[in-house]
Amino acid sequence: MPQTVVMAFGGNAITRPGEKGTFAEQKANVAVTCRQLGDLVRNGYRLVLTHGNGPQVGNLLIKNELAKDIVPAMPLDVLVSNTQGSIGYAIQQVLGYELARQGLQVPVAAVITQVVVAADDPAFQNPTKPVGPFYSEEEAQKLMQERGYRMAEDSNRGWRRVVPSPKPLEIIEKEAIKALTMAGVIVVAAGGGGIPVVRRPDGSLAGVEAVIDKDRAATILASQVGADVLFLLTDVERVCLDYGRPTQREVEELTASEARRYLAEGQFPPGSMGPKVEAAIAFVEAGGEKAIIGSLARAAEAVAGRSGTRIVAG
Ligand SMILES: Nc1ncnc2c1ncn2[C@@H]1O[C@H](COP(=O)(O)OP(=O)(O)O)[C@@H](O)[C@H]1O
Ligand SMILES: NC(=O)OP(=O)(O)O
């Protein structure tokens, strides 16, 4: 039975801090990982990909506001769907080309994915998800005063706008994603954490203004496709303890209970590394073989166990 692998491409790794966020930059960053996936495919792995959208959806919010007197502004759930299309398109185009270059003809398809959240999730009153560009503290103060934005520091990298990030509960298109995966298609699903929707009493769905964390959504995706390994790929090679301090040190392996302890100690911020560690713990505690947090640029080495931080049961 071939192994199934879920890989999450981080939004801040698709548009890296300091980049403008052009589509060419996003494709170039995605290509670095796609070039490394040929061996996985050749060795018979089933691949399910997902991706973040923090920088990208935040940039759409800015466009929304700058053009609001010219064209209608779109709600945040629609902007998330836009990023599923654009980043899904980038991955489809680049991965299809890289696999073909290696003599592998494997279909790649992005699925517009809705993810159910709870209407009363406390996250709606406590926005923590960083989106859009990085600002100086002075610029952030100005945006908070003049635009009423909620802003927060993002892992010592600068200040960013933050939006609600409710807990993902269910992937609506799970059957389609699973059927395509079992048919040998490389599926790009739950992009940007999924389009956040709530289920009304009559069973209908309605979009809500939020950005779900893609690492948390990746855990649900992994359990629904029966993944053996979950990769959370970002722009650092490993998880660190005392990150940003003189005593900073990388960690190669953590048991779920060690990771949970460090999480409780505040080692991993809620808007960046925290959700990755939470997702990794949830995956292995739900029976997954291992979760690996590593660099988008060193995916093959992470698969081979030569890079990344492994979170294992125990
Ligand atoms: N303990 C830690 N170890 C490593 N990176 C950390 C840690 N705490 C915070 N970070 C930050 O988390 C970032 C990755 O989270 P994030 O930017 O949200 O990822 P992505 O958008 O790629 O999924 C790293 O670039 C780093 O700046
Ligand atoms: N939605 C989401 O988790 O995006 P990032 O990967 O950019 O945080």
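Modeller: Buried means under 20% relative accessible area, and exposed means over 50%. Partly exposed lies in between. The model discussed here is predicted.

Biologist: Is A190 buried or exposed?

Modeller: A190 sits in the loop between β9 (186-188) and β10 (195-199). Its relative accessible area is 0%. The cut-off for this class is under 20%, so A190 is buried.

Biologist: What is the phi of A190?

Modeller: A190 is not a glycine. Even so, its phi is positive, at about 55°.

Biologist: Where is N156?

Modeller: N156 also has a positive phi without being glycine, with a value near 60°. Two strands flank its position. N156 belongs to the loop between β6 (151-153) and β7 (159-163).

Biologist: Is N156 buried or exposed?

Modeller: The relative accessibility of N156 is 62%. The upper class starts over 50%, so N156 counts as exposed.

Biologist: How many aromatic pairs does the count come to, by the rule used?

Modeller: Ring centres must lie within 6.5 Å to pair. F23 and Y89 meet that rule, at 5.2 Å centre to centre. The count comes to one.

Biologist: Which kind of aromatic pair do F23 and Y89 form?

Modeller: The angle between their planes is 15°. Planes under 30 degrees apart fall in one class, so the pair of F23 and Y89 is stacked.

Biologist: How many residues apart in sequence are the parts that this pair ties together?

Modeller: F23 lies in helix α2 (residues 23-34). Y89 lies in helix α5 (residues 76-101). The pair therefore links parts separated in sequence by 66 residues.

Biologist: Which relative accessible area does Y89 have?

Modeller: Both rings belong to partly exposed residues. F23 has 29%. For Y89 the value is 44%.

Biologist: How does α4 lie relative to α5?

Modeller: Helix α4 (residues 54-66) packs with α5, their axes 9 Å apart. The angle is about 125°. That angle falls outside the ranges for parallel, antiparallel and perpendicular, so α4 is oblique to α5.

Biologist: Which residues of α5 make the contact with α4?

Modeller: The crossing of these helices is right-handed. By class, the contact has seven nonpolar, four polar and no charged residues. From α4 come Q56, V57, L60, L61 and N64. From α5 come L76, L79, V80, N82, T83 and I87.

Biologist: How does α9 lie relative to α10?

Modeller: Helix α9 (residues 256-264) and helix α10 (residues 273-285) have axes that come within 10 Å. The axes cross at roughly 150°. The cut-off for this class is over 145 degrees, so α9 and α10 are roughly antiparallel.

Biologist: How many residues of the contact of α9 with α10 are charged?

Modeller: This crossing is left-handed. A256, A259, R260 and L263 of α9 meet G274, V277, E278, I281, V284 and E285 of α10. Six of these residues are nonpolar and one is polar. The charged ones number three.

Biologist: What separates the C-alpha atoms of K290 and T255?

Modeller: K290 lies in strand β16 (residues 290-295) and counts as partly exposed at 23% relative accessibility. T255 is 35 residues away along the chain. Their C-alpha atoms are separated by 9.6 Å.

Biologist: Which residues is K290 in contact with, leaving aside its neighbours within four places in sequence?

Modeller: One of them, V284, also takes part in the contact of α9 with α10. With the sequence neighbours set aside, the contacts of K290 are D228, V229, L230, F283, V284, I311 and V312.

Key
Residues are numbered from 1 along each chain as its sequence is written. Chains are lettered from A and ligands numbered from 1 in the order in which they are written. This is a predicted model: local features need pLDDT of at least 70, side-chain atom pairs count only at pLDDT 80 or more; totals for chains, interfaces and linings use all residues. Side-chain values use heavy atoms; hydrogens and water are left out. Axes are lines fitted to C-alpha atoms, for helices over the stretch in contact, and angles run from 0 to 180 degrees between N-to-C directions. Helices (H or I, at least four residues) and strands (E, at least two) are DSSP runs, numbered from the N terminus. Angles under 35 degrees count as roughly parallel, over 145 as roughly antiparallel, 65 to 115 as roughly perpendicular and the rest as oblique. A crossing is left-handed if the near helix is turned anticlockwise from the far one by less than a right angle, and right-handed if clockwise. Contact means heavy atoms within 4.5 Å. Ala, Val, Leu, Ile, Met, Phe, Trp, Tyr, Cys and Pro count as nonpolar, Asp, Glu, Lys and Arg as charged, and the others, Gly among them, as polar. Rings of Phe, Tyr and Trp (its six-membered ring) pair if their centres lie within 6.5 Å; planes under 30 degrees apart count as stacked, over 60 as edge-to-face and the rest as tilted. Buried means under 20% relative accessible area, exposed over 50%, partly exposed in between (1.4 Å probe, protein chains only).
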